[in-house]
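Take a look at the fold shown here. The paragraphs that follow go through a pocket, then the sheets and the helices packed on them.

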Amino acid sequence: MTPPARVAFRADASTEIGTGHVMRCLTLADALAEGGVACHFLSRELPGNLCDRIVARGHHLHRLAAPTEGALADSDGPAHAAWLGVRWQVDAADCAPILAAVAPDGLVVDHYALDARWQKEVLPKGCRLLVIDDLADRPHVADVVLDQNLGRESADYDGLVPDGCTRLIGPRFALLRPEFAARRAESLARRRDGILRRLLISMGGVDRDTATGAVLKALARSGLPEGVEVTVILGGAAPWLDAVRDMAAAMPFACRVLVDRNDMADLLTETDLAIGAAGSSTWERCCLGVPTLVLSIAENQEEIAKALSNDGS
């Protein structure tokens with residue numbers, strides 16, 4: 001009997017990184033697992049990590065130890081090198097024996113702090129590499145690169161990936177769970193009357209700089225129509241979660257805070273207007289046709305927001 005294929009994922013979540021990288025890898029891993037593929041995640045135990053969620057989704061998890069006090073990131077690496085929490089050589093030394101033992105057929109890397117140096121160091125012989133990226137700012141030794149962002153062009157990766165690398169570029173390659181496409185027709189149909197009844201705020205799972213709080217303060221002064229219901233989505237690791245809950249309870253309109261939800265397709269389908277960050281969840285809202293006020297809350301989101309504006313989306 002042929003053993004099931006194995007795919008490894010290297011992705012982190014934290015209060016600094018956010019949750020989007022791990023979440024979109026989970027989307028891919030869930031789809032692979034349905035086909036019998038064994039998925040192994042290598043994820044560092046940074047503050048605000050999603051290690052428990054990875055396990056809850058039924059995937060294998062190899063925990064990488066949290067950085068020790070005084071650990072230094074790579075000073076001459078990518079712009080986001082500090083997100084790794086350790087030098088890339090340390091991370092490679094942690095990951096290489098795990099990958100050697102797992103012996104994956106494929107490795108998926110979704111991490112702004114990792115580049116070709118790390119990839120060459122850890123990639124097992126015969127293992128194919130998929131890099132998920134949004135920045136096109138560093139070299140890779142990838143067999144496939146996936147950049148799902150509007151405005152990105154294949155030429156942006158010229159000189160950054162091998163000549164034979166397959167480039168999957170643009171939102172048609174966005175990693176979305178199948179329930180979003182399944183609810184699209186219903187989502188479009190239910191808001192044809194244009195009446196604002198439900199408003200959803202989603203500023204990222206971590207919302208490190210409490211953009212959600214700023215949005216709630218603005219809405220409190222905006223004079224929303226009577227009867228509008230507001231829903232706030234946050235991750236359990238969001239540092240301002242309790243403060244946002246207190247703010248929600250004091251709003252002059254009905255406002256609920258939901259945490260770590262797996263039913264975003266349902267929630268967005270029932271939404272008339274969203275206010276959201278220009279991260280990975282952008283493509284969920286686009287798929288469901290949800291009118292959205294898009295805010296850029298991180299430097300790496302600025303190009304996405306500009307592209308959406310220029311496209312008229």
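Which residues lie nearest the centre of the second largest pocket? They are D134, L135, R152, N300 and E303, out of 15 that line this pocket. The model is predicted, so to speak of local features pLDDT must be at least 70, side-chain atom pairs count only at pLDDT 80 or more, and totals for chains, interfaces and linings use all residues. Residues are numbered from 1 along each chain as its sequence is written, and side-chain values use heavy atoms, with hydrogens and water left out.A pocket is an open set of points on a 1 Å grid over the protein atoms alone, where a 1.4 Å probe fits, with protein on both sides within 12 Å along at least five of seven lines; lining residues have an atom within 4 Å of a point. The volume here is about 250 Å³. It is the space filled by probe spheres set on the points, which are joined across faces, edges and corners. The lining divides into 5 nonpolar, 4 polar and 6 charged residues. Ala, Val, Leu, Ile, Met, Phe, Trp, Tyr, Cys and Pro count as nonpolar, Asp, Glu, Lys and Arg as charged, and the others, Gly among them, as polar.

Now the sheets. Helices (H or I, at least four residues) and strands (E, at least two) are DSSP runs, numbered from the N terminus. Two strands pair if DSSP finds at least two bridges between them.

One open sheet has 7 strands in the order β3-β2-β1-β4-β5-β6-β7, with parallel pairing. Its edge strands, β3 (60–64) and β7 (166–169), each pair on one side only. The twist averages 15° from one strand to the next. Angles run from 0 to 180 degrees between N-to-C directions, and axes are lines fitted to C-alpha atoms, for helices over the stretch in contact. Strand β2 (residues 38–44) pairs with β3 over 5 bridges. There, H40 stands opposite H60 in β3. Helix α1 (residues 20–34) packs on this sheet and touches β1 (6–11), β2, β4 (106–110) and β5 (128–132). Contact means heavy atoms within 4.5 Å. The direction of α1 makes about 175° with that of β1.

Another open sheet has 5 strands, ordered β10-β9-β8-β11-β12, and its pairing is parallel. β10 (254–259) and β12 (292–295) are the edge strands, each pairing on one side only. Here the twist averages 15° from one strand to the next. Parallel strands β9 (residues 229–234) and β10 are joined by 6 bridges. V232 stands opposite V257 in β10. Helix α8 (residues 241–250) packs on the sheet, touching β9 and β10, and its direction makes about 160° with that of β10.

How do α7 and α8 meet? The axes of helix α7 (residues 211–220) and α8 come within 10 Å and cross at roughly 10°. The two helices are therefore roughly parallel to each other, a label for angles under 35 degrees. T212, G213, L216 and K217 in α7 meet V244, M247 and A248 in α8. This contact divides into 4 nonpolar, 2 polar and 1 charged residues.

Terms used:
Parallel < 35°, antiparallel > 145°, perpendicular 65-115°, else oblique.
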